[in-house]
Amino acid sequence: MAGESGTQRRTGRASTRRAGRGVALAVLGAALGAGGLLAVAVGSVPLPVGEVARILAHALPWVGAGVRPDWSASHEVIVLAIRLPRVLLAAVVGAALGVAGGAFQGLFRNPMADPYVIGVSSGAALGASLAIAFRPAIGLAGLGAVPVAAFAGAILTVLAVYSIARVGREVPVGNLLLSGIALGSLLSALVSVVIIYSRTSLDQIVFWLMGSLAGRGWTHLGVAVPYLVVGSAVLLYLARDLNALLLGEEEAAHLGVAVDRTKKIILAAASLLTAAAVATCGIVGFVGLVVPHIVRLVTGPDHRTLLPVSALGGALLLVTADLLARTAVRPAELPVGVVTALIGAPFFLYLLRRSRRGGGIL
Amino acid sequence: MSTPGRRPAGLEINQLTVAYGDRRVLEGVSLTIAPGEFVGLVGPNASGKSTLLKAATRVLRPVSGRVLLDGQDVWREMSLGEMARSVAVVPQDFPVDFPFTVRETVLMGRTPFVGRLRGEQPADLARVRQAMESTETLDLSDRLIGELAGGERQRVVLAKALAQDPRLLLLDEPTSHLDLSHQVDILDLLLGLNREVGLTLVIVLHDLNLAAMYCDRLFLLGGGRLAAEGSPADVLTPANLQAVYGSRVLVGRHPIYGCPQVTLVSRRRPAADQGDVPVAGEAFLRAATGAAEAPDAGGRGKSAPARIHVVAGGGSSAGLLECLAAAGYGLTVGPVNAGDSDWHMARTLGVETVTVPPFSAVDREAVAKAAAAMGSSDAVLVGPVPFGRGNVAVLEAVLKAARAGRQVALVNGGPEEVASRDFAEGRASALTAELLAAGATTLSGESEALAWAARMGEKR
């Protein structure tokens, strides 16, 4: 590094001019609003955006009274009962994956980390595929067997990974990563076994594994939102401690962070967040890995900015991806995880090439 | 720095024992550091220096013992937050793989003071600015920490620690990855902080010479125990260093500051012939590495090696001094002129020396001192010194000692040899003759001198 030329240094300086937190949040918020509105309007029955806006406004308390309904009742059902919950769920799940991904990358100080790094996804996949294959008559809070089994599988896996990785009172992050990956492989193998023994459910299981928001409604949203809100709030509250942890655990302790306790809280919050997201929409890949990276390239690694901006970025990505998933190959529907990868990856690669520090970690 | 620092804190470590699993890394170490001191922790790898810092900063819980910061037990009576508001640490390695800018990095030093939901206040930003000014890192503000060269990066890490407004600053080998000029930059900066703001500094250093130059006091750790403590001159002695590091060293003086400077000695490399410059020569090496024919074979077992006064000067006797010192004899030397290569050698070997100013005649006082030194020795050895009117008085003192029963030997003391270096109009030759008549022996070189010295030990 010492021998770097002056020009390279100047480039470096320019690349560190960062978008402020306020600007990033405002731009993404506006884009999310517009995208959400568009996502509700577009579908097999196209609706005018203006009408959608008025239907939504009408449904709001207080303001709603001022809007005179001049639309057909079927349009109102399409907007409020079918498309709106799905768009909202996409936004909330996208936000959760963005926040959880950012938190895991920070906690593990590892750019390869994503919300599924400690086995949440493989545990959920095993739970979901068992439920799809054997169709047990279980259900909870109005949800069917699949999300309940997926959530249970995710939580059990995280607990198993945690207890395997634990050494006395400490939980070394390296251990967590390794036991998460190892247990994940084991569970994925079991998922394959389930698939082979129940060929009839093959399509359904594979579709679930790639993530989908098809057929999700207010019930899913109502069950998932508390986890997503509480989990995100906890992580945002600990953003400053995550910054300190980026400098290493000793350094964080020197800055007054109770390292072990904080790590456990972050782990629990991010795992719950992810488990709730996976249980409702299956394994939507890429959002949690790439959104925090993209945000970090634009705003820098400070978690106090990174986490809220990643929430909006994740929401925007998943809302857009779901819109494309529903509309691109109509009347069929693509798994949303496929779409997130299709639009997320090229954009990320473009940013990576353009950024001078793309070659380094993060 | 312009602000008055906060009141510096003192640190007391009491019977501290720390273990990794079953392996004890520190064993009952106690030390006290007063507020405002600049102290160094030195010792070989795995001697427990870094472990001591870890236990003192609540990273590693000790098995037993206490760490008191201004009398408060850091493990039992202080929260992590309270610790972080009083103590800052500059680690050995600072991670740079996340793209924080310099400013963001320094700002993180304010973490213990910034409310979770409030964010940084203007006072925090002012403190950060000041820390960056004092470390001359303000120009680097928008650079990424990973892009900086080693010296710049270490100044930034130091700025971050200063932004923490510490009352005690602990540094774990802050100069280990830096080149020479940056080592001095960082340590000068620390010295300034210590002298101007009174900040208490505890620094782990690998480099003994830097430690000697900058620290008021040193603690030498070896094998998890405190081997020595005190001023650099008290701690950095050949005996202490050999006990802890297990290798022979020479301890000289810094030509400007007078603090001890440690020179390493190879076990393999033969000495170079460097003419006038006294270096650790062949004989020293042989003795140091135990490869030599023991000069005092047979003598040392029965009695302690003799104390010998050596009359040196004019660069005549550096090799003699070296051989005798390496063989373990207690030596005194003099009088010699300061700056003379015999003088340098005596200083390097840590031998008590009667010194006169450069190029000056030996005065009565110096002769008296030399005579006293001869009086408290078992024997006197006169090197092949050139004698002139300025120093021939020393031979008179030797003669007196001989007549008082002291064993005397002259190296190359034959009449012709003495005449060739007698610049005192025959006085030196005359005195030498009288010495030989009084029982003095003449020796032909270093090995005969060593054999003679061994006999002196036996006689006593």
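This is a tour of selected sites in a predicted model, chain by chain and across the contact between chains.

**Stop 1: the largest pocket**

Start by selecting Ala253(A), Val259(A), Arg58(B), Val59(B) and Leu60(B), which lie nearest the centre of the largest pocket. The pocket has a volume of about 1000 Å³, and 34 residues line it. To see the secondary structure around it, show H11 and helix H12 (259-281) of chain A, then H1 of chain B; each of these supplies at least two residues of the lining. Colour the lining by class and it divides into 15 nonpolar, five polar and 14 charged residues.

**Stop 2: the second largest cavity**

Keep Ala253(A) and Arg58(B) selected, since both also appear in the lining of the second largest cavity. Add His254(A), Thr57(B), Leu80(B), Met83(B), Ala84(B), Val87(B) and Val89(B) to complete that lining. The space inside is about 60 Å³. This cavity is one of three of 30 Å³ or more found in a search of the whole structure.

Which element gives the most to this lining? Select H2(B): with three residues, H2(B) gives the most. Helix H2 spans 80-84 in chain B, and at least two lining residues each come from this helix, from strand E6 (87-90) of chain B and from helix H11 (249-254) of chain A. By class, the lining holds six nonpolar, two polar and one charged residues.

**Stop 3: a salt bridge between chains**

Stay on H11 of chain A and select Glu250(A), then add Lys54(B) in helix H1 (residues 49-56) of chain B; the pair crosses between chains. The two residues form a salt bridge, and the closest N and O atoms are 3.4 Å apart. Glu250(A) has a relative accessible area of 34% and is therefore partly exposed. Lys54(B), at 23% relative accessibility, also counts as partly exposed.

**Stop 4: salt bridges within chain A**

Side chains of opposite charge can pair when their charged atoms come close. Over all chains, a search of the whole structure finds 28 salt bridges.

Select Asp70(A) and Arg54(A) for one of them, with the closest N and O atoms 2.7 Å apart. The pair links distant parts of the chain, 16 residues apart: Arg54(A) sits in helix H3 (49-59) of chain A, and Asp70(A) sits in the loop between helix H3 and helix H4 (73-108). Is Arg54(A) buried or partly exposed? Its relative accessible area is 33%, so Arg54(A) is partly exposed.

Next, select Arg86(A), Asp322(A), Arg326(A) and Glu333(A) together; salt bridges link these residues in a network.

**Stop 5: a nonpolar patch on chain A**

Switch to a surface view and select Leu186(A), Leu190(A), Val193(A), Ile196(A) and Tyr197(A). Together they form a nonpolar patch on the surface with about 530 Å² of accessible area. To place the patch, show helix H7 (residues 173-197) of chain A, where Leu186(A) is found. Leu186(A) has 49% relative accessibility, so this residue counts as partly exposed.

**Stop 6: a salt bridge within one helix of chain B**

Move to helix H14 (residues 364-375) of chain B and select Glu365(B) and Lys369(B), which are separated by about one helical turn because they are four residues apart in this helix. They form a salt bridge with the closest N and O atoms 3.8 Å apart. Glu365(B) is exposed at a relative accessible area of 52%, and Lys369(B) counts as partly exposed at 47%.

**Stop 7: backbone features of chain B**

Most residues other than glycine have a negative phi, and most peptide bonds are trans. Three places in chain B are worth a look with that in mind.

- Select Gly334(B) and Pro335(B): the peptide bond from the former to the latter is cis, with omega near -5°. Pro335(B) lies in strand E14 (residues 330-337) of chain B.
- Select Glu136(B), whose phi is positive, near 55°. Glu136(B) belongs to the loop between helix H4 (122-134) and helix H5 (150-163) of chain B, and with a relative accessible area of 60% this residue is exposed.
- Select Asn412(B), which has a positive phi of about 55° although it is not a glycine. Asn412(B) lies in the loop between strand E18 (407-411) and helix H16 (415-420) of chain B, and counts as partly exposed at 23% relative accessibility.

Key:
Residues numbered from 1 in each chain as written. Chains lettered and ligands numbered in written order. Predicted model: local features only at pLDDT ≥ 70, side-chain atom pairs only at ≥ 80, totals over all residues. Heavy atoms only, no water. Patch = residues over 30% accessible without salt bridge, like charges linked within 9 Å, V, L, I, M, F, W, Y side chains within 5 Å. Areas by Shrake-Rupley, 256 points an atom, 1.4 Å probe, with all protein chains shown as cover. Salt bridge = Lys/Arg side-chain N within 4 Å of Asp/Glu carboxyl O. Buried < 20%, exposed > 50% of the residue type's maximum accessible area, 1.4 Å probe, protein only. 1 Å grid on protein atoms, 1.4 Å probe; cavity = no way out; pocket = protein on both sides within 12 Å on 5 of 7 lines; lining within 4 Å. Points joined across faces, edges and corners; volume = space filled by probe spheres on them. Nonpolar A, V, L, I, M, F, W, Y, C, P; charged D, E, K, R; others polar.
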